[in-house]
Amino acid sequence: MRPKEPIDVNSLKKLSLKELEIMNMFWSTDKPLSRSDICMQNQALNRNTINVLIPRLLKEKFLYTSKIVQTKTVLARAYRPTVSRQAYLARELGYENANAMLVAMLCSSLEEENNQELIQELKRLIQKYDEEL
């Protein structure tokens, strides 16, 4: 079930490479995933690795059990992430929130590419947003 209280991203530990690989699978879909879904999506991951990492991600509060689903002939738990990719990455990069990270990345991209079309599109979106307020 969904956690009753929001998860504080700053309280979460840093993910290992394998844990991050599994979390990226959850972050890339809108639906809950079971262990067998993960095995089917990434056959390079060993089932034993998945069976070790899913309970660890549950314990560390990166995942929660979303529902029980039928997989072939058995019932299985399906999981969802408790934290978004953007929030986790913002924390890892030292930003207070995901919006600050996105703005910093966007500014960096604009400086590197000098993309006038993108700048004009951003101005248009900001103007539209201001008008809606």
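This text walks through the salt bridges, one buried helix face, a strand residue and the aromatic pairs of the structure. The model is a predicted one.

Start with charge. Side chains of opposite charge can pair when their charged atoms come close. Across the whole structure, a search finds five salt bridges. Three of them are followed here, beginning in helix α1.

Helix α1 spans residues 17-27. Within it, K18 and E21 form a salt bridge. Their closest N and O atoms are 3.7 Å apart. The cut-off for a salt bridge is 4 Å, so this pair counts. Why do E21 and K18 sit about one helical turn apart? They are three residues apart in α1, which means a separation of about one turn. An α-helix has 3.6 residues a turn, so residues three or four places apart point the same way. Both partners are partly exposed. E21 has 27% relative accessibility. K18 has 40%.

Next comes a bridge between two helices. E19 pairs with R56, and the closest N and O atoms are 3.4 Å apart. This pair links distant parts of the chain. E19 belongs to helix α1, and R56 to helix α3, residues 47-59. The two are 37 residues apart. Are the partners buried or exposed? E19 is buried, at 0% relative accessible area. R56 is partly exposed, at 36%. The limit for buried is under 20%, so E19 falls within the class, while R56 lies above that limit and is classed as partly exposed.

The third bridge joins R91 and E92. Here the N to O distance is 2.7 Å. R91 is buried, with 17% relative accessible area. E92 is partly exposed, with 29%. Elsewhere, bridges that share partners join K13, E19 and R56 into one network.

Stay with R91 for a moment. This residue is found in helix α4, residues 85-92. Which residues does R91 touch, once those up to four places away in sequence are not counted? The answer is V9, N10, L12, K13 and K14. K13, one of these contacts, is also a member of the network with E19 and R56.

Now return to E19 and its surroundings. Leaving aside neighbours within four places in sequence, E19 is in contact with K13, K14, L53, R56 and L57. K13 and K14 thus appear in the contacts of E19 and in those of R91. Polar contacts add detail. A polar atom of the E19 side chain lies 2.8 Å from the backbone nitrogen of S16. The side chains of E19 and R56 are joined by a polar contact of 3.4 Å.

E19 has buried company in α1. Which residues of this helix are buried? They are E19, I22, M23, M25, F26 and W27. What covers them? The cover includes the strands β1 (33-34), β2 (63-71) and β3 (74-81). It also includes the helices α2 (35-41), α3 and α4. So the text has met two of these covering elements already: α3 holds R56, and α4 holds R91.

Strand β2 offers a contrast. Q70 is found there. Q70 is exposed, at 52% relative accessibility. The limit for exposed is over 50%, so Q70 qualifies. Its side chain reaches the backbone oxygen of K72 at 3.3 Å. Q70 and S34 are 36 residues apart in sequence. In space, their C-alpha atoms are 9.6 Å apart.

Last come the rings. A pair of aromatic rings is described by the distance of the centres and the angle of the planes. The count comes to two aromatic pairs. F62 and Y88 form one of them. Their centres are 5.9 Å apart, and their planes meet at 75°. Angles over 60 degrees count as edge-to-face, so this pair is edge-to-face. What does the pair tie together? F62 lies in the loop between α3 and β2, and Y88 lies in helix α4, so parts 26 residues apart in sequence are tied together.

F62 and Y88 are both buried. With W27, these two residues form one aromatic cluster. W27 is also among the buried residues of α1. That brings the walk back to the helix where it began.

Methods:
Residues numbered from 1 in each chain as written. Predicted model: local features only at pLDDT ≥ 70, side-chain atom pairs only at ≥ 80, totals over all residues. Heavy atoms only, no water. Salt bridge = Lys/Arg side-chain N within 4 Å of Asp/Glu carboxyl O. Helix = DSSP H or I, 4+ residues; strand = E, 2+ residues; numbered from the N terminus. Buried < 20%, exposed > 50% of the residue type's maximum accessible area, 1.4 Å probe, protein only. Contact = heavy atoms within 4.5 Å. Polar contact = N/O pair within 3.5 Å; in protein donor to acceptor, adjacent residues only side chain to side chain. Phe/Tyr/Trp six-rings, centres within 6.5 Å; stacked < 30°, edge-to-face > 60°.
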